[in-house]
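Okay, thanks everyone for coming. I'd like to walk you through one structure today, so have a look at it while I talk.

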Amino acid sequence: KNTSKPGPVKRTKEETVKMIKDIYMAACERNVELGDGVVIHVLTKDKGIETDVHPLHMPFIEDWITHPMTIINRLHEKSPATFEQDVQAYFRTNIDNPELYKEIPSLNDRESEHPLPSGCLVRYRAMIQDMGDDEIYCTHYKVRSSDHRQVEVEKSAKYTDLFICPPGYTVIDQEPPREKFSSRQCFSCIPVPNETQWVKEGYRAHFGEEFTMQKRSFDDYSNIQQLLSPMKRLKTAAPMETSSESSETTVKTEPVKAISKPEYIVKVYDSSDDILLNTIVEFIGIYYDHGVIKADSLQSANEMDQDQSLPRKTIHCIQYKKLSHINPLLHYQPTLELNQIQMARQCLLSLFESIFPNDKLLCEYLLLHLISRTYVRQPSSAYGKLSLNISHISSEQLQTLQQLLQTILSLHSTLSITVQTLNTTQLMPNKNVAKDDENDNFLMQTPLQLPFNSHLLIDETKMECGQLTTLGLNNIKLLQDLLRQQTLKYEFHIYQLDYDCDIRCLIVSSTKSVLPCDVYIRYQTDQEVDQITFPNLSKEQIDNIRRYLTYIGQQLELDQTINQASSDINTYIQEDFVNMRKQKLLTNLDDFHLLLVLARQVILLNEEFRLISVNLDWKHYLMVKIF
């Protein structure tokens, strides 16, 4: 009815084929789930049936995100010899563009009712929760056209779990040669378990991640008092739980939940020796939400038996980046000026003094604890850590401190321990390697399996007298090793392994803790603190504190002052150690090293990054700055 000449229209074969292609091309531009090609069979008088395979998707901006395998297949057809380098160069060019990077959908904070289509490009910020064995896969396979010509085409099996056939082709069922097999590393990944709420919202604001949770954003608060005011509506008798979320009406803190199964299996093709257990990595790859079949299977996607598949979601990594921190505020401002550092330190100490009035020593130690990092490891010892035990504080102080730490730290969680929880909760990550079923052979996460540079508040205020079972004693031993050596045991059915970690532990107890700590402080005040009022800090000052804590912690990791100290300074320190032992001011080497750790942190906090002169009385300097 839309033609100027209604009725039958005579068209040539070429015009008819072009019209059909235009029709399907118009359809694919409106529906991204349409197939990648159309097969047109033309019945001719002389040649019989002619088959024409026409790709549908044009190389417009969304193709590399919605249909990355189309780009990858084209690069393979163009130059099989340089295929892998061409793929890396193509996607690196787009990913390095900040505007195009934001167009890549993120799996973080995406709810199940808004799933992503299988086969699209995604980015995923995750913690390595388990490391699987290398997977052997077939790098190439061949398909044959279904027409009379029987044309064979070689396809790449990289970045996919299945052999996908284009329309009009079938997979050639034959054993590939040995040189066409390779391996890829498999990692079980979960969202960062103790990532605080302001970090998630910061990534949405800075990197364009989709915001789906119906909660009030941290950016809606203009000052610190509004951020922490919901704490006043908490009942002091309520049990203390952990969480990194806050709402406008009530702040409920939830514990780090043990995830029964990993959310995604990430498959990495390049050498990835720097990806270790519990590290935080951002992966960019192709997302598949279909069953995974064996890599050496020669079934196509259409022929796959659903009963043979595992309901696992996979990401085939194209590019990854190991993250030293997850503070989004440092992305555009990686360094701080001296005036910003001094201002952040003053603001942070004022917040601590609001919670613990008349005790500046406790506030100073709390600040040193938050920036501490393990920088040297030796057998049965870890240097640089500064675990802190605070006792005799009110429930209001504890709850406000917990909320403040969630507001300023990027990785924070709370573990509440009682005799009952110690006797009934498995704190040691465990894996039954004897099971043959892949669905059951995975590492069980516990509240202690946390990423590096995490902060853990151990709430011991509810501890009462009682008898510990074997499980409870094992949990106590596990926490002792964590506090003393910064190691965590993992159980693998019949044996155990120690893994290094870096978790700053703050213990809050009614009296001195049953767990070992580097520093113990009893809070003393003339009157109980019931009402806490914070200074009026702006949102910019709060963000400056968040940058400051991450930045100073990184400087401690990178600082080589002790390693680069001159021989004169080393001799001076050794003489001090001998004299302090003679005067019985120290009982062992660990106490002396604690003084060195405190001196190193105080010097760094005051922007004096090296011991300048041998005449510097570092002990007196430490006493003046802290005590």
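I'll go through some aromatic contacts, then a sheet, a helix and a pair of loop residues.

Before I start, keep in mind that this is a predicted model.

Let's begin with the rings. How many aromatic pairs does the structure hold? There are 10. The one I want to show you is Tyr-124 with Tyr-264: their ring centres are 4.9 Å apart and the planes sit at 70 degrees, so we call this pair edge-to-face, the cut-off for that being over 60. Now look at where they come from. Tyr-124 is in strand S3, residues 121–131, while Tyr-264 is in strand S9, residues 264–268, so the pair ties together parts 140 residues apart in sequence. Are these two buried or exposed? Tyr-124 is buried, at 1% relative accessible area, and Tyr-264 is buried as well, at 9%. There's also a third ring to add, since Tyr-287 joins Tyr-124 and Tyr-264 in one aromatic cluster.

Staying with tyrosines, two arginines sit over ring faces. Arg-125 lies over the face of Tyr-203, 3.8 Å from the ring centre. Arg-184 does this with Tyr-137, at 4.4 Å from the ring centre.

Next, the sheet. It's an open one with three strands, in the order S16-S18-S19, and the pairing is mixed. S16 (430–431) and S19 (495–500) are the edge strands, and each has a single partner, so one side of each has no neighbour in the sheet. S16 and S18, which covers residues 487–492, run parallel and are joined by two bridges. If you want a spot to click on, Lys-431 stands opposite Phe-492 in S18.

On to helix H10. It has 14 residues and reaches 20 Å from first C-alpha to last, close to the 20 Å expected at 1.5 Å a residue. H10 is mostly covered, too: 13 of its 14 residues are buried.

Last, some backbone. Most residues other than glycine have a negative phi. Which residues here have a positive one without being glycine? Asn-358 is one of them, with phi at about 65 degrees, and His-392 is another, near 60 degrees. Asn-358 is in the loop between helix H8 (338–355) and helix H9 (360–371), and at 73% relative accessibility it counts as exposed. His-392 is in the loop between strand S14 (388–391) and our helix H10 (395–408). His-392 is partly exposed, at 31%.

That's my tour, over to you.

Methods: Residues numbered from 1 in each chain as written. Predicted model: local features only at pLDDT ≥ 70, side-chain atom pairs only at ≥ 80, totals over all residues. Heavy atoms only, no water. Helix = DSSP H or I, 4+ residues; strand = E, 2+ residues; numbered from the N terminus. Buried < 20%, exposed > 50% of the residue type's maximum accessible area, 1.4 Å probe, protein only. Pairing = 2+ DSSP bridges. Expected span 1.5 Å × (residues − 1). Phe/Tyr/Trp six-rings, centres within 6.5 Å; stacked < 30°, edge-to-face > 60°. Lys NZ or Arg CZ within 6 Å of the ring centre and 35° of its normal.
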